[in-house]
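Visitor: I would like to go through the labels attached to this structure and hear, for each of them, what justifies it.

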Amino acid sequence: MKITPLQQEMLDKESAFEKEGKFHDHVQPINWDVVLPVTPEYNFLPKTLGFTLWSAFIRMVVNTFAPVIDWFACGTTVRGRENLKGIRRAVVTCNHVHDLDNMMVRQAIRGWRHSLYITVADFNSRKDLIGHIMRGGGTLPFSQSITAMRNLNKAVQTVLSKDRYLLCFPEGTLWWRYEKVRPFLDGAFHYASESSVPVIPTFITFKKAGPIRRLFSKKKVAVIHIMPAIYPKKEFTKKQNIAYLRDRAFEETKECYEAFYGKPLEYNGEPVLVDE
């Protein structure tokens, strides 16, 4: 199974951006024609009966079929589920390396047990069917509007005040099948510090497919690692906790990368390899 020209273009951009230190730049084209602007009037957590029923249906479908779709698309396996034990609400972080990585996380945390919400870029707010499905599944889009961002912050606080998980991608942008951990932005850790909830770092790695899977795909399969939770320190200010949570989450993720691949984390613009 060969990669497409678009996928190869993304891989080439990742190598170039890594070498230039542009770790948060987009490598995928964005179709702004389908974007629904996130205005100050945007309702992040609708409470209407219609939306509640739609959301319940979408979550049921996703939780049922995501593991199957994920296996065929990425062959994902999970390590470290024991680190979720007893944690009822948390910010979950993950490297952003695939269009389906939110499904990987849902499968890893068993989304039927922990209701999951996901912060996403503003261009993921779409006015088509895909957008309605994503919103029903719990996406919370960012915005260029300061007022809308304040409303998003309130919505996140509401989510984290209940037995729910919030998924954030602290690297900011999607780099397709990129194997290294990129520097983290503050957003995810701001939410955890603001709501006094732990951060659960997760990290997706890739390894050679088994002999049976290689009969129909030579792409590497995914392994998602769930690491021990990191708790805010009561003696720290919110600002101090943001830095502490960010740095500890990055260090745990870096250690996971180095242990799995058996090499130190270095950025030198090496090409990303998908096929063995």
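Guide: What follows takes the labels in turn, and it should be said at the outset that the model is predicted.

Visitor: Why is S55 called buried?

Guide: The relative accessible area of S55 is 12%, and buried means under 20%, so the label applies to S55. S55 lies in helix α2 (residues 49-74), and its C-alpha is 4.2 Å from that of G136, although the two are 81 residues apart in sequence.

Visitor: What makes F216 partly exposed?

Guide: Its relative accessible area is 40%, and because partly exposed covers the range between under 20% and over 50%, F216 takes that label. F216 is found in the loop between β6 (199-207) and β7 (221-226). Together with V68, W71, F72, I212 and L215, F216 forms a nonpolar patch on the surface, whose members have about 710 Å² of accessible area together.

Visitor: How do you know that D186 and R246 form a salt bridge?

Guide: Their side chains meet at 2.8 Å, N to O, and the rule asks for a nitrogen of Lys or Arg within 4 Å of a carboxyl oxygen of Asp or Glu, so the pair qualifies. The pair links distant parts of the chain, with D186 in the loop between β5 and α6 and R246 in helix α7, 60 residues apart. Both count as partly exposed, D186 with a relative accessible area of 38% and R246 at 22%. By this rule the count comes to 13 salt bridges.

Visitor: What makes E171 and R182 a salt bridge, and where do the two residues lie?

Guide: The closest N and O atoms of E171 and R182 are 3.2 Å apart, which is set against a limit of 4 Å, so the pair is counted as a salt bridge. Both residues lie in the loop between β5 and α6, so the pair ties together parts that are 11 residues apart in sequence. E171 is buried, and R182 is buried as well.

Visitor: Why are R248 and E252 said to be separated by about one helical turn?

Guide: R248 and E252 are 4 residues apart in helix α7, and that is why about one helical turn separates them. An α-helix has 3.6 residues a turn, so residues three or four places apart point the same way. The side chains of R248 and E252 meet in a salt bridge at 3.5 Å, N to O. R248 is partly exposed at 30% relative accessibility, whereas E252, at 12%, counts as buried. Elsewhere, salt bridges that share partners join R88, R89 and D163 into one network.

Visitor: Which way do the residues of strand β2 point, and how do you know that the strand pairs with β5 and β6?

Guide: A90 and V92 point one way from strand β2 (residues 90-93), while V91 and T93 point the other way, and all are buried. In a regular strand the side chains alternate between the two faces of the sheet. Two strands pair if there are at least two bridges between them; 4 bridges join β2 to β5 (residues 164-168), in parallel, and β2 and β6 pair in the parallel sense over 3 bridges, so both pairings meet the criterion. T93 stands opposite C168 in β5, and in β6 the bridge partner of T93 is P201.

Technical notes: Residues are numbered from 1 along each chain as its sequence is written. This is a predicted model: local features need pLDDT of at least 70, side-chain atom pairs count only at pLDDT 80 or more; totals for chains, interfaces and linings use all residues. Side-chain values use heavy atoms; hydrogens and water are left out. Patches are made of residues with over 30% relative accessible area and no salt bridge: like charges are joined within 9 Å, nonpolar side chains (Val, Leu, Ile, Met, Phe, Trp, Tyr) within 5 Å. Accessible areas come from the Shrake-Rupley method with a 1.4 Å probe; for residues, only the protein chains shown count as cover. Buried means under 20% relative accessible area, exposed over 50%, partly exposed in between (1.4 Å probe, protein chains only).
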